[in-house]
Amino acid sequence: MMFVEDVIKLAEEKGYKPQEIKPRDIIELGDFGNIWIRRQTYEKAGFFHHGHKHDHDHVTLVVQGKALIEKEGYEPQIVEAEDWTYIQANVHHEIVALEDDTHIFCLFAMRDIETDEVVEAKRKWERRITVV
């Protein structure tokens, strides 16, 4: 996905030090009803989260700042605070912060409403929990 790489290069030219966000910047807040909430914090403009895809649809909500969200097969989208984008299952996507202190929430259903099957992310979360 070339556009995200172009934004990273531009950030470097402007004196920012782009870097991929670290696991500490991604916090699994957990489930609330049937909704899973994940928070991502981008400390500086140019910080990014390299692409991935999920086996479930989800909404990405920017609550503070501004981000470039690139989804495979779609035009890159700039999403500002209090706005969101819908990402379909199995669509590769990447995020780059365009402003310092950008905060993003990813929201998705934990169970498929038609099959009642638990989605991938919830299964991964359950494997991280150690029962003593």
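## The largest cavity

Let's start inside the protein: the largest cavity has a volume of about 40 Å³. The structure, which is a predicted model, holds two cavities of 30 Å³ or more. Rolling a probe the size of a water molecule over the atoms is what shows where empty space is left.

If you would like to find the largest cavity on your screen, look for its lining residues: Arg38, Gln40, His49, His52, His54, His58, His93, Ile95 and Cys106. By type, this lining divides into six polar residues, two nonpolar and one charged. Strand 2 (35-42), strand 3 (48-52) and strand 8 (93-97) each supply at least two of the lining residues.

## The overall fold

Stepping back, the chain has two helices and nine strands. Along the sequence they follow the pattern α-β-β-β-β-β-β-β-β-β-α.

Of the 132 residues in the chain, 39% are buried. Contacts also reach across the sequence: among those between residues at least 6 apart, 67% join residues at least 24 apart.

## The nonpolar core

Eleven residues form the largest nonpolar core: Tyr42, Phe47, Val62, Ala67, Ile69, Val79, Ile87, Val91, Ile95, Ala97 and Ile104. Strand 5 (66-71) and strand 8 are the elements that give two or more residues to this core. Ile95 is a useful residue to keep in view, as it belongs to this core and also lines the largest cavity.

Ile69 is another core member worth a look. Leaving out residues up to four places away in sequence, Ile69 touches Thr60, Pro76, Gln77, Val79, Thr85, Ile87, Glu94 and Ile95. Among these partners, Val79, Ile87 and Ile95 are also members of the core.

## Two loop residues with positive phi

Most residues other than glycine have a negative phi. Two residues here go the other way. Glu82, in the loop between strand 6 (77-80) and strand 7, has a positive phi of about 70 degrees although it is not a glycine. Glu82 counts as exposed because its relative accessibility is 74%, and the cut-off for exposed is over 50%.

Asn90 also has a positive phi, near 65 degrees, and lies in the loop between strand 7 (83-87) and strand 8. With a relative accessible area of 47%, Asn90 is partly exposed. Which residues is Asn90 in contact with, leaving aside its neighbours within four places in sequence? They are Lys53, His54 and Asp55. Asn90 and Lys53 are 37 residues apart in sequence, yet their C-alpha atoms are 5.2 Å apart in space. His54 ties this loop residue back to the opening topic, since His54 is in contact with Asn90 and is one of the residues that line the largest cavity.

## How far to trust the model

A word on confidence before you zoom in. The mean pLDDT of the chain is 78, and 66% of its residues reach 70 or more. Over residues 125-132, pLDDT stays under 50. For that stretch the model has three contacts beyond four places in sequence. Where pLDDT is low, the predicted coordinates should not be read in detail.

Technical notes:
Residues numbered from 1 in each chain as written. Predicted model: local features only at pLDDT ≥ 70, side-chain atom pairs only at ≥ 80, totals over all residues. Heavy atoms only, no water. pLDDT = per-residue confidence, 0-100. Contact = heavy atoms within 4.5 Å. 1 Å grid on protein atoms, 1.4 Å probe; cavity = no way out; pocket = protein on both sides within 12 Å on 5 of 7 lines; lining within 4 Å. Points joined across faces, edges and corners; volume = space filled by probe spheres on them. Helix = DSSP H or I, 4+ residues; strand = E, 2+ residues; numbered from the N terminus. Nonpolar A, V, L, I, M, F, W, Y, C, P; charged D, E, K, R; others polar. Buried < 20%, exposed > 50% of the residue type's maximum accessible area, 1.4 Å probe, protein only. Core = buried A, V, L, I, M, F, W, Y, C linked by side-chain atoms within 4.5 Å.
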